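Subject: Handover of a structure and the findings on it

Dear colleague,

I am handing over to you the structure shown below, together with an account of what was found in it. Please read the account with the structure open beside it.

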Amino acid sequence: MLEIHNLSAGVDGKEILKGLTLSVKAGEVHAIMGPNGSGKSTLAGVLAGRADYEITGGTVTYNGADLLPMKPEDRARAGVFLAFQYPVEIPGVNSTVFLKAAFNECRKARGLPELDGFDFLALVKKKTKLLELDPALLNRPVNEGFSGGEKKRNEIFQMAVLEPKLAILDETDSGLDIDALKVVAAGVNKLRRPDNATLVITHYQRLLNYIVPDFVHVLVKGQIVKSGGKELALELESRGYEWLLESDPGNGKP
Amino acid sequence: MTDTLTSTPARDPLAAALGAFALHPADNPPWLESLREAARQQMGETGFPDTHQEDWRFTNVAPLLELPLHSAKQNGRLVTLRDIEPFRLAKDGHCLVFVDGAFRHDLSSLPGAPGLEAASLRALMAGGGRELDKHLARHAAVAGNFFAALNTAFFVDGAFVFVADGVTVEQPVQLLYVAASDRPGATVHARNLIVAQKGAALKVMETYASLTPAPHVTNAVTELVLAAGARVEHGRLQNENERAFHFATVQAAQERDSHWVSHSIVTGARLARNQIQTRLDGEGAEAILNGLYLGRGEQLIDHHTVVDHVQPHCESHEFYHGILANRSRGVFNGKIFVRPDAQKTNAKQTNRNLLLSDEAVIDTKPQLEIFADDVKCTHGATIGQLNEEAMFYLRSRGIGAAHARRMLIHAFASDVVGRITIPALREQLDRLLTERFECAAM
């Protein structure tokens, strides 16, 4: 589904990703772990199409298509979803209006008929239950006045509505208490299907107790230095990242 | 369009224009003559505005004199009900229609309501009713305001709206001014007087529009009188063609516990200068000044507001939002006076601006003069571009760039739109915003 080959990218002339290679197949959950500044959020941003980054080398193929020249909205319509680390507040834009517009754009791109207001609200109601999200929040402007936990839950709620093929969760666990973390993880798990894939980007192992990955990759200084199964996350939890900082980069294949 | 001028280089263009505005004797009832004379004198003392005057530093009106100014007369197309329908707030509501400055009974609709009088000023002036003598040209100062003086000296017609003691008029009253003359320089000095007696409540909406592509001129003055406890929501939607010149003076006089909401929505004219002013002259009076200006092309949109706190325990809240594209320019100058007696004043002013291009310019300036010591006054101005992070967020969910941009522009304007309680006006405005930014390039 996703083939990242020798990807290099940076910002303002400073290279952050330095030849990253990673392969994700449908049905898989991959965790990307790494210390601060290793390039985790850069990877998420590059995949979602954030304009701040300059691609200096390598390729990204998504379902056979070249992902990098695609606009952010075209990536989303093709099924790429980024759960933001810091969801932005957008005063004046109603949450429901926003989500309905996004939902119908994605439907259109998949050749499905748009849903009218009534059917859309029924769908929304179902999905808010999944994330235990207060439906009243959806009458407010996007993320405005939401607590940190509500913002993160809202990201996964949007994911539940949009049903992406490739979900990228960027530090979704940060700022969540343990109860909220369980709810969010349960939501993500319920959305897992054989035809979609999830990339979980996190600093801590904690989230991976609840979203169990098939593969764990360690990102250090813009390269994947080690890959393994879910037990690698536990090892990182007990040993920290220090022991990996000087090692040679791996090839990104578990 | 400068042919008239170049062919008569010896004549002062302003003097020529003033000659062309000369009134018919019937437009000059004796009781008004002294006011007109004072206004003419004041024009001489104030002088035609130039950019050396502090109040006109950023707004050069010299191009106005390049037009062959003359009193507008209907000389172009015949205006029908169908022509004005798009500008009407409601099909069957109160609407006084003026075409090229002249009241058109046949196009107006006046269903009438108990305690409400809404009529052409010209028809009433000859008689000079009680309220007319008392209020007309008594509130909008002509000293220092050239265009208000010009209007007072030469206005021919306009609207008189009167609501009696304790009466609430539910339906908004619309005053619709349509320019139809195809001759460049056709000028209308529109004059409105709105009187709400004790405890009366009224919504009144002025609309200015063009049915002609010619560069025409509107010079409007509206005086509003709010007696004790009166509540008036007053809107102005100026959507004239982008070659027009528009000058507006709005002056409210507020007595005790009165409540005035003003909306100044400006999307039209090549040059629009708006002077929106209120005098809070009774304890417990409150004013909300709401403004939205949308500039594009080479438009220049100028708002000068004055909130004059004369008496104690009054409140004023001012919110002006501007969205400027291309090479358009905005000017915002917000004056708040707090007089020595006006203790416990609460005055708040914000001006927010969204610049959609690198060449758009806003000159914004708050001006607070406070002579009382126990007051709360705040002001703030912001200038910014569309939030890139918000743009990316919307796009990352599948919403196209143009659509996302429109959503954010709408959102920026929604604060101001949200304060309007006339649903039909909000709908008009939403449509206008959508049309304006539908095709905006990225």
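Two strands are said to pair if DSSP finds at least two bridges between them. In this predicted model, strand S5 (residues 158-163) of chain B pairs with strand S8 (residues 191-196) of chain B in the parallel sense, over 6 bridges. Within that pairing, B:Val161 stands opposite B:Ile194 in S8(B). S5(B) also pairs with strand S4 (residues 116-120) of chain B, here in the antiparallel sense and over 5 bridges. In this case B:Glu117 stands opposite B:Phe162 in S5(B). As for its surroundings, 6 of the 6 residues of S5(B) are buried, so the strand is largely enclosed by the rest of the structure.

Helix H7 (146-154) of chain B is placed in a similar account: 9 of the 9 residues of H7(B) are buried, so this helix too is largely enclosed by the rest of the structure. Among these buried residues are B:Phe146, B:Phe147, B:Leu150, B:Asn151 and B:Phe154. The buried residues of H7(B) pack against H3, S8, strand S10 (217-226) and strand S12 (245-254) of chain B.

That brings us to helix H3 of chain B. The helix covers residues 30-46, has 17 residues and reaches 25 Å from its first C-alpha to its last, close to the 24 Å expected at 1.5 Å a residue. Its buried residues include B:Arg36, B:Ala39, B:Gln42 and B:Met43. Seen down the axis of H3(B), the buried residues fall within an arc of 120°, so they line one face of the helix. They pack against H7 of chain B. On the face turned away from the buried side, H3(B) carries the exposed residues B:Pro30, B:Glu33, B:Ser34, B:Gly44 and B:Glu45. After H3(B) comes B:Gly47, whose phi is positive, near 80°.

Ahead of this helix, B:Ala22 is found in the loop between helix H2 (13-20) and H3 of chain B. Is B:Ala22 buried or exposed? B:Ala22 has 9 other C-beta atoms within 10 Å, and a residue counts as exposed if that number is 12 or fewer, so B:Ala22 is exposed. The C-alpha atom of B:Ala22 is separated by 10.0 Å from that of B:Phe155, although the two residues are 133 residues apart along the chain.

Next, the nonpolar core. The largest one has 202 residues, and A:Phe81, A:Ile168, B:Val178, B:Ala196 and B:Leu226 touch the most other members. Helix H9 (residues 401-418) of chain B gives the most to this core, with 9 residues. Leaving aside neighbours within four places in sequence, B:Ala196 is in contact with B:Val163, B:Leu202, B:Val225, B:Leu226, B:Ala227, B:Ala230 and B:Val232.

In chain A, 4 strands form an open sheet in the order S2-S1-S4-S5, with antiparallel pairing. Strand S2 (14-24) and S5 of chain A stand at the edges, each with a single partner strand, so one side of each is left without a neighbour in the sheet. Strand S1 (residues 2-11) and strand S4 (residues 54-62) of chain A are joined by 7 bridges. A:Ser8 stands opposite A:Gly57 in S4(A), and the bridge partner of A:Ala9 is A:Ile55. S4(A) is joined in turn by 2 bridges to strand S5 (residues 65-66) of chain A, where A:Thr61 stands opposite A:Asp66. S4(A) and S5(A) form a hairpin with 2 residues between them, and A:Asn63 in the turn has a positive phi of about 45°.

Where the chains meet, the contact takes 20 residues from chain A and 18 residues from chain B. Helix H2 (72-77), strand S7 (90-94), helix H3 (95-109) and helix H5 (148-162) of chain A each supply at least two residues of the side that touches chain B. H3(A) gives the largest share of that side, 5 residues.

Finally, a word on confidence. Chain A averages a pLDDT of 90, and 96% of the residues score at least 70. Over residues 250-254 of chain A, however, the pLDDT is below 50; beyond near neighbours in sequence, this stretch has 18 contacts in the model.

With kind regards

Note on methods. Residues numbered from 1 in each chain as written. Chains lettered and ligands numbered in written order. Predicted model: local features only at pLDDT ≥ 70, side-chain atom pairs only at ≥ 80, totals over all residues. Core = buried A, V, L, I, M, F, W, Y, C linked by C-beta atoms within 7 Å. Buried ≥ 20, exposed ≤ 12 C-beta atoms within 10 Å, placed from the backbone. Contact = placed C-beta atoms within 7 Å. Expected span 1.5 Å × (residues − 1). Arc of directions from axis to C-beta. pLDDT = per-residue confidence, 0-100.
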